[in-house]
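Visitor: Could you take me on a close look at one part of this structure? I'd like to see the place where the ligand sits, and who its neighbours are.

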Amino acid sequence: MHTFLVLNGPNLNTLGKRDPKVYGKVTLAQIEQRVRARAKELGVQVELCQSNQEGVLVDFLQANAPQAQGVIVNAGALTHYGLSLREALVDAKLPVVEVHLSNIHAREEWRNKSVVAPVAVGQISGLGWQGYLFALEFLARYAKEGSK
Ligand code: DQA
């Protein structure tokens with residue numbers, strides 16, 4: 001069975017309370033539950049990790065990438081400067097889909113640049129919690145068929 005890693009970075013543990021107009025009212029626990037439910041329907045496995053520390057995300061990738069077929073990552077603010085996370089994503093040698101709840105291109109200028117984007121297959125930005133499910137659907141089919 002194919003396995004996908006789902007990484008969430010700093011402050012995403014406060015979803016639901018955090019700026020709901022920008023990030024929505026859904027909590028991280030609810031997003032993770034929806035991801036798990038969709039994974040079950042797709043017949044794939046997911047391993048989820050949220051951390052406010054970059055090194056914990058790097059450790060998680062190093063430990064789990066060898067058994068996985070793809071990565072979904074919402075790196076939070078690390079998106080914009082997290083180079084050790086970016087390098088761990090490269091070292092994972094897996095297809096990466098970058099997800100953002102908000103549209104990072106329609107917000108402050110410092111959010112427009114992503115250091116993850118150049119090492120990702122693609123980016124889903126601005127579609128709220130559904131972005132995680134679209135990313136999972138893409139990766140599940142990509143792993144099965146081996147091409148976009
Ligand atoms: C975010 C966008 C980032 O700029 C921000 O730092 C976050 C959340 C998003 O999901 O829209 O923490 O990644």
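**Around the ligand**

Guide: Let's start with one contact: His-80 has a side-chain N or O atom 2.7 Å from an oxygen atom of the ligand. Bear in mind that this is a predicted model. His-100 also reaches the ligand, with an N or O atom of its side chain 2.8 Å from a ligand oxygen. Then there's Arg-111, whose side chain likewise places an N or O atom 2.8 Å from an oxygen of the ligand. How much of the ligand does the protein bury? On its own the ligand would expose 320 Å², and 99% of that is buried by the protein.

Now widen the view a bit. Besides those three, the residues around the ligand include Arg-18, Tyr-23, Asn-74, Gly-76 and Ala-77. Leu-101, Ser-102 and Ile-104 belong to that shell too. Sort the shell by class and you get four nonpolar, five polar and two charged residues.

And where is all this happening? The ligand sits in the largest pocket, which holds about 160 Å³ of space. If you wonder how such a space is found, rolling a probe the size of a water molecule over the atoms shows where empty space is left. Lining the largest pocket are 17 residues. Nearest its centre are Tyr-23, Gly-76, Ala-77, Arg-107 and Arg-111, so you'll recognise Arg-111 from its contact with the ligand. By class, the pocket lining splits into seven nonpolar, seven polar and three charged residues.

Conventions
Residues are numbered from 1 along each chain as its sequence is written. This is a predicted model: local features need pLDDT of at least 70, side-chain atom pairs count only at pLDDT 80 or more; totals for chains, interfaces and linings use all residues. Side-chain values use heavy atoms; hydrogens and water are left out. A residue is near a molecule or strand if one of its heavy atoms lies within 4 Å of it. A polar contact is a pair of N or O atoms within 3.5 Å; within protein, one must be able to donate a hydrogen and the other to accept it, and residues adjacent in sequence count only if both atoms are side-chain atoms. Accessible areas come from the Shrake-Rupley method with a 1.4 Å probe; for residues, only the protein chains shown count as cover. On a 1 Å grid over the protein atoms alone, a cavity is a set of points where a 1.4 Å probe fits but cannot get out, and a pocket is an open set with protein on both sides within 12 Å along at least five of seven lines; lining residues have an atom within 4 Å of a point. A molecule sits in a cavity or pocket if more than half of its atoms lie within 2 Å of its grid points. Ala, Val, Leu, Ile, Met, Phe, Trp, Tyr, Cys and Pro count as nonpolar, Asp, Glu, Lys and Arg as charged, and the others, Gly among them, as polar. Grid points are joined across faces, edges and corners, and a volume is the space filled by probe spheres set on the points.
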